[in-house]
Amino acid sequence: MVYGLDSFLTEIRTFYSLKEIRESIEDEISQFGLLLEDYSEWLGTLLRNPEGSKGQEWVKKAAELQKVLKTGSRKSGKKGEKKFGSSSEWVQFKDLMLCADDFGEAEILFEAVEELRGKIDRLEKVKNSIGDLERYGLGKDVRYITYIRDGVPERIVFKPKEGSEAEEKFNFAADFSITKQI
């Protein structure tokens, strides 16, 4: 299944209501969920039905990968270290890692599944935060300039629409006086 790269960009978008932001997040969650489902099925099929008998080592790596998937956490390691049953067949070519090992496919699917789960989790948390903001009633006279990285809103600037009541609420006014000392 082919998906657009819209959700993988860094962008700044202006929304005109919190509801619009929430609906956008719900769409992202839905798209990522479909992608997660597809990749999970692909990975499951690969792990259940390895093409031909790839030998004892492949079966061992696949079993370890399935165990990690069930527990939902991967053994963490520093960048550059081998990960759990990571294939030794990965080779650096300029800015890419290349693999001719059959287990490489399972590894990249696992990493994609893990990344999508994390992204969906972050989107759910942001959606809950937006719901809380909606309950606080920020109003409709505000534009929401939103910084979105990899499909997940991270920062929002409230910008009152010109000539609105909200513009007065968000203005900062300070009067001060200085006395001259002799």
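The legends below accompany an overview and three close-up views of a predicted model.

**View 1. The whole chain, with its helices and strands in order along the sequence.** In this predicted model, the chain contains 4 helices and 5 strands, and these elements follow one another in the pattern β-α-α-β-β-α-β-β-α when they are read along the sequence. Of the 182 residues in the chain, 27% are buried, while the area that the chain exposes comes to about 13,300 Å², with carbon and sulfur atoms supplying 51% of it. When contacts between residues at least 6 apart in sequence are considered, 65% of them join residues that are at least 24 apart.

**View 2. An aromatic pair within helix H1, formed by tyrosine 39 and tryptophan 42.** A search of the whole structure finds 2 aromatic pairs, and one of them is the edge-to-face pair of tyrosine 39 and tryptophan 42, whose rings lie 6.3 Å apart from centre to centre with 65° between their planes. Both residues belong to helix H1, which covers residues 18–48, and they are separated by 3 residues, or about one turn of the helix. Tyrosine 39 counts as partly exposed because its relative accessibility is 23%, and tryptophan 42 is likewise partly exposed, its relative accessible area being 45%.

**View 3. An aromatic pair between strands S4 and S5, formed by tyrosine 144 and phenylalanine 158.** The ring centres of tyrosine 144 and phenylalanine 158 are 5.7 Å apart and their planes meet at 85°, so this pair is edge-to-face. Tyrosine 144 lies in strand S4 (residues 142–149) and phenylalanine 158 in strand S5 (residues 152–160), so that the pair links distant parts of the chain, 14 residues apart. Tyrosine 144 counts as buried because its relative accessibility is 0%, whereas phenylalanine 158 is partly exposed, with a relative accessible area of 30%.

**View 4. A nonpolar surface patch on strands S2 and S3.** Val91, Phe93, Leu96 and Leu98 together make a nonpolar patch of about 380 Å² on the surface. Strand S2, which runs over residues 90–93, and strand S3, which runs over residues 96–99, each supply at least two residues of this patch. Among the patch residues is leucine 96, which is located in strand S3. Leucine 96 counts as exposed because its relative accessibility is 51%, and the cut-off for that class is over 50%.

Key: Residues are numbered from 1 along each chain as its sequence is written. This is a predicted model: local features need pLDDT of at least 70, side-chain atom pairs count only at pLDDT 80 or more; totals for chains, interfaces and linings use all residues. Side-chain values use heavy atoms; hydrogens and water are left out. Buried means under 20% relative accessible area, exposed over 50%, partly exposed in between (1.4 Å probe, protein chains only). Contact means heavy atoms within 4.5 Å. Accessible areas come from the Shrake-Rupley method with a 1.4 Å probe; for residues, only the protein chains shown count as cover. Rings of Phe, Tyr and Trp (its six-membered ring) pair if their centres lie within 6.5 Å; planes under 30 degrees apart count as stacked, over 60 as edge-to-face and the rest as tilted. Patches are made of residues with over 30% relative accessible area and no salt bridge: like charges are joined within 9 Å, nonpolar side chains (Val, Leu, Ile, Met, Phe, Trp, Tyr) within 5 Å. A salt bridge is a side-chain nitrogen of Lys or Arg within 4 Å of a carboxyl oxygen of Asp or Glu.
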